[in-house]
Amino acid sequence: MSTADERRETVLRTAMHAFAARGYYGTSTTEVAEAAGISQAYLYRLFPHKEALFVALINHCGWLMRERMSRCLASAESTDPAEVLTTMASAFRGQAAEERDLVMVLLQANGAASEPAIRAAVRDCYAKQVEYVRAASLASDERIRGFFADGMLGNVLAALDVAAVDSPWARTLCGPGHGHHSPPG
């Protein structure tokens, strides 16, 4: 891997944390560059503008999600579509609990989708996720839609740390087996 590629990876990891905390509109390229230990000029050589950096980050998050599902599927014991979706859902739940920044970036990306390039990147991210899930699970469109609906709800619940809330509404949204001390999803 070249130095520029290594720096790009470092910047994406650093940017994930910054954008997760403050979103697209609240994060400056100056703070990303400082956190990555590079000059802002070098950041702009790697990514010509903030929007390009955020789009690259969305793509990186999508890749991380597919990699996580792929590793989880490698240990799947069944090819039944429902069981494959359950296996992939467990990968998402684990990811949401362990990689909160990734979940937050994707939620922030949805919120910044009024920007055409970001909207296109978010659409592409969803398209790649849906087609990956379709190919891996061979599930019906209805089951895939349910898989994503549950996953998106799980992301929102994780972002809001609903697992820490002990109240009827939180237990309803977290569902059975997801008491107020377990990760939602």
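Helix axes here are lines fitted to C-alpha atoms over the stretch in contact, and the angle between two of them runs from 0 to 180 degrees between N-to-C directions. With that in hand, welcome to a short tour of this predicted model.

**Figure 1. Helix 7 packs against helix 8 in this predicted model.** Helix 7 covers residues 116-137 and helix 8 covers residues 141-159. Their axes lie 11 Å apart and meet at an angle of about 125 degrees. Helix 7 and helix 8 are therefore oblique to each other, since an angle outside the ranges under 35, 65 to 115 and over 145 degrees counts as oblique. The crossing of helix 7 past helix 8 is right-handed.

**Figure 2. A closer look at the residues where helix 7 meets helix 8.** From helix 7, the contact draws on Tyr-126, Gln-129, Val-130, Val-133, Arg-134 and Ser-137. Helix 8 contributes Asp-141, Ile-144, Phe-147, Phe-148 and Met-152. Sorted by character, the residues of this contact are seven nonpolar, two polar and two charged.

**Figure 3. The whole chain, as a setting for the close-ups, has nine helices and zero strands.** Read from the N terminus, its elements run α-α-α-α-α-α-α-α-α. The radius of gyration is 18 Å, close to the 16 Å that the globule rule gives for 185 residues, so the chain is as compact as a globular protein of that length. Its C-alpha atoms fill a box of roughly 50 × 40 × 30 Å along the principal axes. Buried residues make up 41% of the 185 residues. Among contacts with a separation of 6 or more, 64% join residues 24 or more positions apart.

**Figure 4. Thr-29 and its neighbours in helix 2 and beyond.** You will find Thr-29 in helix 2, which spans residues 29-36. Thr-29 has a relative accessible area of 7% and is therefore buried, as the cut-off for buried is under 20%. Leaving aside residues up to four places away in sequence, Thr-29 touches Gln-40, Leu-43, Tyr-44 and Lys-50.

**Figure 5. Leu-138 sits in the loop between helix 7 and helix 8.** Most residues other than glycine have a negative phi. Leu-138, although not a glycine, has a positive phi of about 55 degrees. Its relative accessible area is 68%, so Leu-138 is exposed.

**Figure 6. Asp-161 lies in the loop between helix 8 and helix 9.** Helix 9 spans residues 168-174. Asp-161 is not a glycine, yet its phi is positive, at about 50 degrees. With 45% relative accessibility, Asp-161 counts as partly exposed.

Methods. Residues are numbered from 1 along each chain as its sequence is written. This is a predicted model: local features need pLDDT of at least 70, side-chain atom pairs count only at pLDDT 80 or more; totals for chains, interfaces and linings use all residues. Side-chain values use heavy atoms; hydrogens and water are left out. Helices (H or I, at least four residues) and strands (E, at least two) are DSSP runs, numbered from the N terminus. A crossing is left-handed if the near helix is turned anticlockwise from the far one by less than a right angle, and right-handed if clockwise. Contact means heavy atoms within 4.5 Å. Ala, Val, Leu, Ile, Met, Phe, Trp, Tyr, Cys and Pro count as nonpolar, Asp, Glu, Lys and Arg as charged, and the others, Gly among them, as polar. The radius of gyration is taken over C-alpha atoms; the globule rule is 2.2 Å times the number of residues to the power 0.38. Buried means under 20% relative accessible area, exposed over 50%, partly exposed in between (1.4 Å probe, protein chains only).
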